[in-house]
Amino acid sequence: MPTILGIPLDVNSSYLRGPAAAPGKIRAALRSDASNKWSELGIDVGAAGAFGDAGDLRLSNSHEQGSQDFSEIERVVGDLLQKGHQPVLLGGDHSVTYPVLRAFASHYADLSIIHFDAHPDLYDEFEGSRMSHACPFARIMEERLAKRLVQIGIRTLNEHQRKQAEKFGVEIIQMSALPAYDQLKIRGPLYISFDMDVLDPAFAPGISHHEPGGMTVREAIAHLHAIEGSIVGADIVEYNPAQDISGMTATVAAKILKEIMGKMILGGKGR
Ligand code: MN
Ligand code: MN
């Protein structure tokens with residue numbers, strides 16, 4: 001069963017704080033009576049028992065206790081996996097994906113990741129931090145926490161990150177190469193990491209790093225629907241309520257959440 005867990009952590013953000021306040025806002029938007037709870041694939045995500053909610057983690061959200069916070073994330077996600085849940089993490093900044101994947105790696109030896117993002121997040125270190133939200137996929141690939149990493153929607157690739165991608169064998173689908181439905185048919189257990197800034201800021205202004213030229217909400221949903229393979233976990237990160245305009249990005253995050261959970265409930269069928 002998909003089970004939501006909020007991770008209120010934004011201490012590893014490099015530019016603006018704010019995503020720590022995201023989990024409650026996304027839940028509220030999902031619960032809102034403005035829309036029904038049916039995913040477009042015909043799954044009633046609002047049906048009794050369709051998904052679980054493990055609440056929010058209690059974290060220090062401080063640099064001083066950064067490693068304790070990461071251990072706590074890893075422990076609680078590992079616990080959910082142990083109990084047979086399919087964790088759906090609500091960030092938080094993107095740094096949370098590293099401890100989350102440490103938990104997943106001890107349950108799935110052959111995990112593949114599909115990573116939606118404007119940014120590759122492959123920096124070896126960023127502004128002196130190796131735990132920055134600009135670095136999680138370097139840590140994940142160094143520790144071989146996933147067998148494959150497929151990034152989609154990328155539009156900020158620089159020379160350092162291109163070299164990092166080459167070193168780690170990361171498959172990058174740049175924004176300019178879309179649509180790329182066929183490249184999302186992947187065998188084996190699958191984890192989806194969805195950074196809200198993969199969307200064009202016109203559709204999702206509530207983020208810390210506005211990067212024009214991104215996906216429409218429709219393009220993102222079409223690519224999510226095209227995914228084949230068994231989705232065992234997911235995260236939605238980098239929603240920044242402090243940057244939002246009348247809650248519109250919360251609504252988009254809740255829509256993405258609904259479509260991802262619908263896919264998880266439906267099983268491995270693609271578009
Ligand atoms: Mn990211
Ligand atoms: Mn990003």
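A strand here is a DSSP run of at least two E residues and a helix a run of at least four H or I residues, each kind numbered from the N terminus. With those names in hand, let's take a friendly walk through this predicted model.

## Where the chain begins

Strand S1 covers residues 2-7 and strand S2 covers residues 52-56; the two pair in the parallel sense over three bridges. If you would like to find the pairing in the viewer, look for Thr3, which stands opposite Gly52 in S2. Helix H1 (residues 22-31) joins in as well: S1, H1 and S2 make a right-handed β-α-β unit.

## The first manganese ion

Now to the metals. The manganese ion (ligand 1) is coordinated by His94 through ND1, and by Asp117, Asp121 and Asp195 through OD atoms, at 2.1 to 2.2 Å. Along the sequence, the spacing of these donor residues reads H-x22-D-x3-D-x73-D. Asp121 sits in the loop between S4 and H4 while Asp195 belongs to strand S7, so this pair ties together parts of the chain that are 74 residues apart in sequence. Asp121 and Asp195 are both buried.

## The second manganese ion

A distance of 3.3 Å separates the manganese ion (ligand 2) from the manganese ion (ligand 1), and Asp117 coordinates both. The protein donors of ligand 2 are OD of Asp117, ND1 of His119, OD of Asp195 and, listed twice, OD of Asp197, lying 2.1 to 2.5 Å from the ion. Here the donors follow the spacing D-x1-H-x75-D-x1-D along the chain.

Two of these donors link distant parts of the chain: Asp117 is in the loop between strand S4 (112-116) and helix H4 (136-142), and Asp197 is in the loop between strand S7 (185-195) and helix H6 (217-226), 80 residues apart. Asp117 is buried, and Asp197 is buried too.

## A buried valine

For a look at the interior, pick Val100 in helix H3 (residues 97-105). Is Val100 buried or exposed? Its relative accessibility is 1%, which is why Val100 counts as buried; the cut-off for that label is under 20%.

Which residues does Val100 touch, leaving aside those up to four places away in sequence? They are Ile7, Ile73, Val77, Leu89 and Tyr191. Take Val77 as an example: 23 residues separate Val77 and Val100 along the chain, yet their C-alpha atoms are 6.4 Å apart. Another of the contacts, Ile7, brings us back to strand S1, which runs over residues 2-7.

## Backbone details worth a look

Most residues other than glycine have a negative phi, and most peptide bonds are trans. With that in mind, here are some places to visit. A cis peptide bond joins Gly91 and Gly92, with omega about 10°. Gly92 is in the loop between strand S3 (86-91) and H3. The bond from Leu178 to Pro179 is cis as well, its omega near 0°. You will find Pro179 in the loop between strand S6 (171-174) and S7.

Arg144, a residue other than glycine, has a positive phi, near 50°. Arg144 lies in the loop between H4 and strand S5 (148-154), and counts as exposed because its relative accessibility is 74%. Ser246 also has a positive phi, near 45°. Its place is the loop between strand S8 (228-237) and helix H7 (248-266). With 76% relative accessibility, Ser246 counts as exposed.

Note on methods:
Residues numbered from 1 in each chain as written. Chains lettered and ligands numbered in written order. Predicted model: local features only at pLDDT ≥ 70, side-chain atom pairs only at ≥ 80, totals over all residues. Heavy atoms only, no water. Buried < 20%, exposed > 50% of the residue type's maximum accessible area, 1.4 Å probe, protein only. Contact = heavy atoms within 4.5 Å. Donors = N, O, S within 2.8 Å, 3.2 Å for Na, K, Ca; no water. Pairing = 2+ DSSP bridges. Right-handed = clockwise from strand over helix to strand, strands pointing away.
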